[in-house]
Amino acid sequence: MIKVDGLDIIYPNGFNAVSDIGFEIGKKEVFALVGESGCGKSTTAHALIKLLPKGTEIKGSFMLGDKEIFSLKEKDTRGVRGKDIGMVFQDPLNALNPLVKIKEHFFEIFVAHKVKEKREKLLERIKFLFDFIDLPFERVDAYPFELSGGQRQRVMFALALVMNPSLLILDEPTTALDVLAQKKVLGLIRRAKEEFSSATLLITHDMGVVNEVADKVAVMYKGRIMEMGRKDQILYSPVHPYTKLLISCVPKFNVKDLSIPEIPIDDYDVDGCSFAPRCHLAKDRCFAEKPESKFKHGRRVACFEIQN
Amino acid sequence: MNLKKIQLYIGIFIVAMLFFIAVFGPLLTPYDPIAISNATFSSPSLSHIFGTDALGRDIFSRVLYGARISLLVSLLAVFIGVALGTFLGLIAGFFGGKIDKFIVLLMDAMYAFPGLLLAITFTAFLGQGIRNVAFAIAIAFVPTYFRLVRNQVLSIKNEPFVEATKVFKVPLWKTVFIYVFLPVVPTLAGILALSIGDAILTEAGLSYLGLGVPPPTPDWGADLSTGQHYILQDYWWCFLFPGIAIFLAVLGFALIGDYLSEEKL
Amino acid sequence: MKGLLKYIGYRLLSSVVMVFIMVTLVFFLLRVLPGDPVQALTGGKAPPEVVRQLKEQLGLNLPIYKQYFRFFSDIFHGNLGNSIVTGESVKSELLERFPATLELALVSVILAAGGGIILGIESAKREGTLFDFIAKLVALSFYAIPIFFVGIVMQYIFGVKLGWFPISGRIDPLNEPDKVISGLYLLDTLLTRNFEGFVDALKHIVLPAFSLALVLFSVIYRITRGNMILQLKKEYVKAARARGLKERKVVYYHAFKNAFIPIFTLIGLQFASLLGGAILTENVFSWPGLGSYLIDRIGYRDFPAIQGAILFYAVIVVFISIGIDIICALINPKIKYE
């Protein structure tokens with residue numbers, strides 16, 4: 001069970017990338033964090049594994065099981081990375097060291113987390129993962145450049161899963177892949193949560209991907225969660241004006257009667273709801289005050305107009 | 001303030017001082033740098049703030065005048081290097097084929113040789129004198145600028161906008177200026193500053209080896225070399241001040257060059 | 001593997017062409033430009049009869065093209081001619097001096113590479129901090145100090161003032177190794193258990209090696225820092241951290257492995273250029289290597305010696321740069337050959 005509460009992230013240059021974010025992810029659950037690029041979803045993922053630039057301020061709490069991660073010292077955080085939390089990155093072509101064989105990428109994880117078992121045992125473990133990601137075991141001796149982009153991304157999954165993590169973070173795992181490779185990766189996400197019973201945090205901007213694999217969805221805009229609920233609620237009956245806008249842009253959902261007028265292009269920062277300048281429902285209050293996230297229509301929404 | 005900016009300002013300050021000294025040096029000292037006197041090896045004092053050398057010449061004056069030779073030779077050398085490199089680069093790039101292959105091979109062969117060795121070989125036989133020394137130093141720079149220009153020519157040669165200039169009968173020099181020179185300016189600026197620093201070092205090295213501008217012209221490298229003869233007698237001022245002068249001059253250009261080539265990235 | 005062999009073949013061929021061009025250039029340069037060995041030898045005061053005789057003896061009376069062919073046919077027979085000054089075979093003179101140059105080059109490259117790489121990596125890790133800035137300024141300063149000036153200052157402080165180290169030569173004549181094994185005094189004295197000689201040779205090499213290393217250090221530092229900064233920004237570095245690897249392993253293994261090739265290439269080329277003689281340093285410290293040999297002989301217009309030294313140098317540069325390419329190819333599985 002993963003619980004993030006009151007997460008606030010301020011970059012060294014003072015930019016408040018994420019504010020007041022909270023969510024829970026259960027075992028075998030896929031939680032999708034969606035939004036446009038720059039909305040802070042990737043920053044959130046990197047904050048959980050504490051890989052943000054030096055000097056970035058992270059506030060709030062992050063419970064991984066019964067362990068609080070943010071209060072750990074750097075040395076202990078390192079013990080969590082790769083062991084309790086596995087991560088897959090967006091760009092599979094650059095996420096593996098080009099001069100290091102695939103096999104070595106696995107073995108150094110074992111060394112880093114002091115797994116003291118016989119070599120045969122460890123190789124067996126790697127073989128199990130290669131079966132899982134559907135890659136011939138001989139490929140452990142390959143260099144990254146000898147594999148295709150899709151294959152490399154599957155290797156990244158294997159690397160992320162090798163220590164049986166309780167949380168799997170996927171940062172735009174399908175974005176850089178072609179359609180066929182995407183399909184394979186989506187299959188992996190579904191099977192991974194069953195096989196390893198981990199909680200999955202999926203960062204994506206692709207509603208199609210969300211529809212395929214997510215259980216719960218949170219929609220982010222400018223560092224805040226606008227609406228959060230079950231997948232069917234968010235995708236098929238969104239209530240927040242921003243979610244409606246986002247969903248209406250995806251042709252295949254074809255949701256009728258969302259009644260979204262044209263979006264104003266000019267955007268600016270306000271004290272109140274960050275979506276207010278572009279929102280057709282916005283009233284004076286929306287510009288002056290930030291709406292709290294409240295339970296409404298079986299989900300959490302941060303919007304005065306909907307809450308009323 | 002930004003640390004990198006400080007680096008740039010220090011560099012600009014040093015180089016500005018250097019030019020100032022080169023131009024107004026004679027006004028700053030009452031002594032003639034080549035006038036021999038009886039006051040040999042006098043240690044730094046109020047009348048001779050850097051002391052005097054084996055012939056009783058005022059070292060401060062020699063250091064001031066030395067800036068002229070140093071700057072003159074190195075600027076001339078870089079200018080010749082850039083001109084030759086550009087010329088060959090344009091020819092190789094535009095003509096291509098066998099001419100290109102031949103020039104590239106020649107440049108590669110020269111590039112493998114350290115600048116000082118090339119310069120020594122040339123000066124040894126060209127003879128001394130400002131122009132010859134500058135030319136000998138320039139040879140080592142040719143391959144660098146050749147590569148820069150040739151690569152730029154190759155990258156734009158077949159672009160549609162260059163084809164278009166032919167259609168509109170734009171004069172060749174204009175095309176070359178706009179599409180070859182302007183784009184390389186940012187890269188060039190950093191390399192130029194570093195080249196001048198290099199040239200000052202090479203010039204000093206040649207003079208130190210006795211292959212530079214002939215005596216009694218005030219020259220930092222040559223003075224350093226004569227100064228070395230007297231270290232056992234503890235006449236430290238004879239080598240210290242010319243050495244510091246070379247160091248500061250090179251440092252000034254290196255600071256600027258390093259800043260420019262990093263900012264470009 | 002086949003690609004690699006083909007590539008080496010190509011490199012060898014183009015290298016032969018390069019050496020050929022280089023030597024030809026030097027050959028004609030030496031003869032076309034003013035400066036006459038016979039005049040240099042006799043001081044320009046010898047009677048014409050003696051001059052004519054000397055020229056004949058040296059083959060300088062032949063037409064240039066004949067001299068040229070003679071020169072090349074000699075090279076193919078492994079003969080670099082005899083020195084005009086000493087009358088000895090240039091080849092044996094070069095070989096005799098080479099170990100001194102090699103020893104100095106080895107010691108200073110090891111010193112400079114060790115310091116430059118470590119400081120470069122630490123600087124890159126702290127890019128933009130005060131530490132990085134100061135390290136960079138120090139390195140730039142080392143680069144800007146003329147190598148002979150460093151040498152003289154070191155001679156003055158550590159030799160003249162403190163008296164810790166000798167300021168010239170390779171070893172005290174009394175301590176010269178009884179027999180030449182490798183020609184490297186540090187090694188030979190150890191092999192012959194001449195410990196006094198070893199300490200003496202070590203003391204002699206300290207000042208030249210350190211002053212040479214200072215400049216090399218700044219070059220190696222610069223390229224290490226630049227390449228490490230580039231690598232540390234790559235995605236695989238972040239991914240390695242995300243797998244829980246120790247920071248030291250991420251930086252010194254993963255990133256450095258990728259930054260290594262350009263660093264290694266630079267060090268190799270610098271080493272090659274030192275093998276041609278660290279001309280200035282050898283002259284400051286009267287180090288009896290190839291660099292001081294070349295300057296010596298230029299003074300005498302000793303054509304065969306100058307040509308021989310430059311040919312020798314060109315061959316070294318070529319072989320080392322091919323060697324570097326092969327090693328890089330073995331390290332990097334991805335390099336493709338045209």
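## Salt bridges, charge and chain B

A:Lys127 and A:Asp131 sit about one helical turn apart, because four residues separate them in helix H4 of chain A. Their side chains meet in a salt bridge, with N to O at 3.5 Å. The model is predicted.

**Salt bridges**

Neither partner of this bridge in helix H4 is buried. A:Lys127 is partly exposed, with a relative accessible area of 37%. A:Asp131 is also partly exposed, with a relative accessible area of 48%.

Chain C has a bridge on a helix too. C:Lys238 and C:Glu235 are joined by a salt bridge of 3.8 Å, N to O. Both lie in helix H10 (residues 235-242) of chain C; they are three residues apart, so about one helical turn separates them. How exposed is each partner? C:Lys238 has 24% relative accessibility and therefore counts as partly exposed. C:Glu235 has a relative accessible area of 19% and is buried. The cut-off for buried is under 20%, so C:Glu235 falls into that class.

A further bridge in chain C joins C:Arg297 to C:Asp302, with the closest N and O atoms 3.2 Å apart. Here both C:Arg297 and C:Asp302 are buried.

The three bridges are listed below.

| Positive side chain | Negative side chain | N to O distance |
|---|---|---|
| A:Lys127 | A:Asp131 | 3.5 Å |
| C:Lys238 | C:Glu235 | 3.8 Å |
| C:Arg297 | C:Asp302 | 3.2 Å |

Over all chains the count is 30 salt bridges. Some residues join in a network: A:Glu108, C:Arg243 and C:Lys249 are linked by salt bridges. This network includes residues of chain A and chain C.

**A positive patch**

Which residues gather in a patch of positive charge on the surface? They are A:Lys73, A:Lys75, A:Lys114, A:Lys116, C:Lys246 and C:Arg248. The patch draws on chain A and chain C. One of its members, A:Lys114, lies in a loop of chain A. That loop runs between helix H3 (102-112) and helix H4 (119-132). A:Lys114 has 56% relative accessibility, so it counts as exposed. The cut-off for exposed is over 50%.

Helix H4 thus appears twice in this account. It borders the loop that holds A:Lys114, and it carries both A:Lys127 and A:Asp131.

**Chain B**

Chain B has nine helices and zero strands. Along the sequence its pattern reads α-α-α-α-α-α-α-α-α. Its C-alpha atoms fill a box of roughly 75 × 50 × 30 Å along the principal axes.

How much of chain B is buried? Of its 265 residues, 51% are. Contacts in chain B often span long stretches of sequence. Among those between residues at least 6 apart, 73% join residues at least 24 apart.

The accessible surface of chain B is about 11,900 Å². Carbon and sulfur atoms account for 71% of that surface. Chain B carries 15 positive and 15 negative side chains. The centres of these two sets lie 15 Å apart.

**Contacts between chains**

Two pairs of chains touch. Which of them has the most contacts? It is the pair of chains B and C. Chain A and chain B do not touch. The nearest C-alpha atoms of chain A and chain B are 14 Å apart.

Key:
Residues numbered from 1 in each chain as written. Chains lettered and ligands numbered in written order. Predicted model: local features only at pLDDT ≥ 70, side-chain atom pairs only at ≥ 80, totals over all residues. Heavy atoms only, no water. Patch = residues over 30% accessible without salt bridge, like charges linked within 9 Å, V, L, I, M, F, W, Y side chains within 5 Å. Areas by Shrake-Rupley, 256 points an atom, 1.4 Å probe, with all protein chains shown as cover. Salt bridge = Lys/Arg side-chain N within 4 Å of Asp/Glu carboxyl O. Lys, Arg positive; Asp, Glu negative; His and termini not counted. Charge placed at Lys NZ, Arg CZ, Asp CG, Glu CD. Helix = DSSP H or I, 4+ residues; strand = E, 2+ residues; numbered from the N terminus. Buried < 20%, exposed > 50% of the residue type's maximum accessible area, 1.4 Å probe, protein only. Contact = heavy atoms within 4.5 Å.
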